[in-house]
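Work through the exercises below with the sequence and the 3D view open. Each task is followed by a solution in steps.

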Amino acid sequence: MEPKFTVKCKVQRPVAEVFDAVYDASKLSQYFTTGQSSAPLDEGTQVIWRFADYPGDIKVDVKQLVRDKLIVLEWAAANRDYNTTVEMQFSTTDDGSTQVKITESGWKDNEQDLKSSYGNCEGWSQMCACLKAWVEHGINLRKGYF
């Protein structure tokens, strides 16, 4: 079995608004990459993410982008000798809200890497909660969180 995980959330806003809150660097920096995001998530680019609570730059390679539907990223796994793939899917629900589904895959099947995957699963779950709070209510949940 391939080690991977999926987290989901429902954001009560139209898909274009939710997608843009992830795609746009200035918006993403308001609730998730609180240390800065260097650029929008355009396909074929490398973006630097910084977090106020995590040291160093995180290089994120944007592999695929389908406006209002899909963002596929690659970045270094915790031990930094291989990459994992993050797939973010956006879809409209029956009530006009947005379903966000984030899957990270490509982890090696050993204790250290599985442990790292659990940390990333926690991080993506927090990202979903922060996205929902910011888009729906303008609240930055990460402020003072750590």
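**Exercise 1. A loop residue**

Where does E43 lie? Then describe its surroundings.

Solution. The model is a predicted one.
Step 1: E43 is in the loop that connects β2 and β3.
Step 2: The relative accessible area of E43 is 48%, so E43 is partly exposed.
Step 3: Not counting residues up to four places away in sequence, E43 touches V62, K63, Q64 and L65.
Step 4: With L65 there is also a polar approach, as a polar atom of the E43 side chain lies 2.9 Å from the backbone nitrogen of L65.
Step 5: For a sense of distance, take T92, which is 49 residues from E43 along the chain; the two C-alpha atoms are separated by 22 Å.

**Exercise 2. The order of the strands**

Give the strand order of the open sheet and say which strands stand at its edges.

Solution.
Step 1: Seven strands make up the open sheet, in the order β1-β7-β6-β5-β4-β3-β2, and their pairing is antiparallel.
Step 2: β1 (4–11) and β2 (36–37) each have a single partner strand, so they stand at the edges and one side of each lacks a neighbour in the sheet.
Step 3: Begin at β1, which is joined to β7 by eight bridges and runs antiparallel to it. Within this pair, K8 stands opposite K101 of β7.

**Exercise 3. Pairs along the sheet**

Follow β6 to its partners β7 and β5, and find one residue pair in each case.

Solution.
Step 1: β6 (residues 83–92) pairs with β7 (residues 98–105) over eight bridges, in the antiparallel sense. Opposite F90 stands V100 in β7.
Step 2: The hairpin of β6 and β7 has five residues between the strands, and G96 takes a positive phi near 90° there.
Step 3: β5 (residues 70–76) and β6 are antiparallel as well, with seven bridges. Here L70 has Q89 of β6 as its bridge partner.
Step 4: V72 is also placed in β5. Its relative accessibility is 9%, under the 20% limit, so V72 counts as buried.
Step 5: Beyond four places in sequence, V72 is in contact with D61, V62, K63, Q64, T85, V86 and E87.
Step 6: V72 and Y54, by contrast, are 22 Å apart in space, C-alpha to C-alpha, with their positions 18 residues apart in sequence.

**Exercise 4. Helices on the sheet**

Which strands do α1 and α3 touch or lie across? Why is α1 described as largely enclosed?

Solution.
Step 1: Take β1 again, which stands at an edge of the sheet. Helix α1 packs on the sheet and touches β1, β4 (54–66), β5, β6 and β7, its direction making about 155° with that of β6.
Step 2: Helix α1 covers residues 15–23, and seven of its nine residues are buried, so the rest of the structure largely encloses it. The buried residues are V15, V18, F19, D20, A21, V22 and Y23.
Step 3: Helix α3 (residues 111–137) lies across β1, β3 (46–51), β5, β6 and β7, and runs at about 10° to β1.

**Exercise 5. The core and a buried glutamate**

Which members of the largest nonpolar core touch the most other members? Use one of them to reach E104.

Solution.
Step 1: The core has 37 residues, of which W49, M88, W124, M127 and L131 touch the most other members.
Step 2: Beyond four places in sequence, W124 is in contact with F5, V7, F32, W49, W75, V86, M88, I102 and E104.
Step 3: E104 is found in β7, and with a relative accessible area of 0% E104 is buried.
Step 4: The side chain of E104 makes a polar contact of 2.6 Å with that of T84.
Step 5: Outside its neighbours within four places, the contacts of E104 include K4, F5, W75 and N120.

**Exercise 6. Cysteines**

How many disulfides are there?

Solution.
Step 1: A disulfide needs two cysteine sulfur atoms within 2.5 Å, and the count comes to zero.
Step 2: C121 is in no disulfide, as the nearest cysteine sulfur, in C128, is 9.7 Å away.
Step 3: For C128, the closest cysteine sulfur is in C9, at 3.5 Å, which is too far for a bond.
Step 4: C121 is partly exposed at 22% relative accessibility, whereas C128 is buried at 3%.

Definitions and conventions. Residues numbered from 1 in each chain as written. Predicted model: local features only at pLDDT ≥ 70, side-chain atom pairs only at ≥ 80, totals over all residues. Heavy atoms only, no water. Buried < 20%, exposed > 50% of the residue type's maximum accessible area, 1.4 Å probe, protein only. Helix = DSSP H or I, 4+ residues; strand = E, 2+ residues; numbered from the N terminus. Core = buried A, V, L, I, M, F, W, Y, C linked by side-chain atoms within 4.5 Å. Contact = heavy atoms within 4.5 Å. Pairing = 2+ DSSP bridges. Axes fitted to C-alpha atoms, helices over the stretch in contact; angles between N-to-C directions. Polar contact = N/O pair within 3.5 Å; in protein donor to acceptor, adjacent residues only side chain to side chain.
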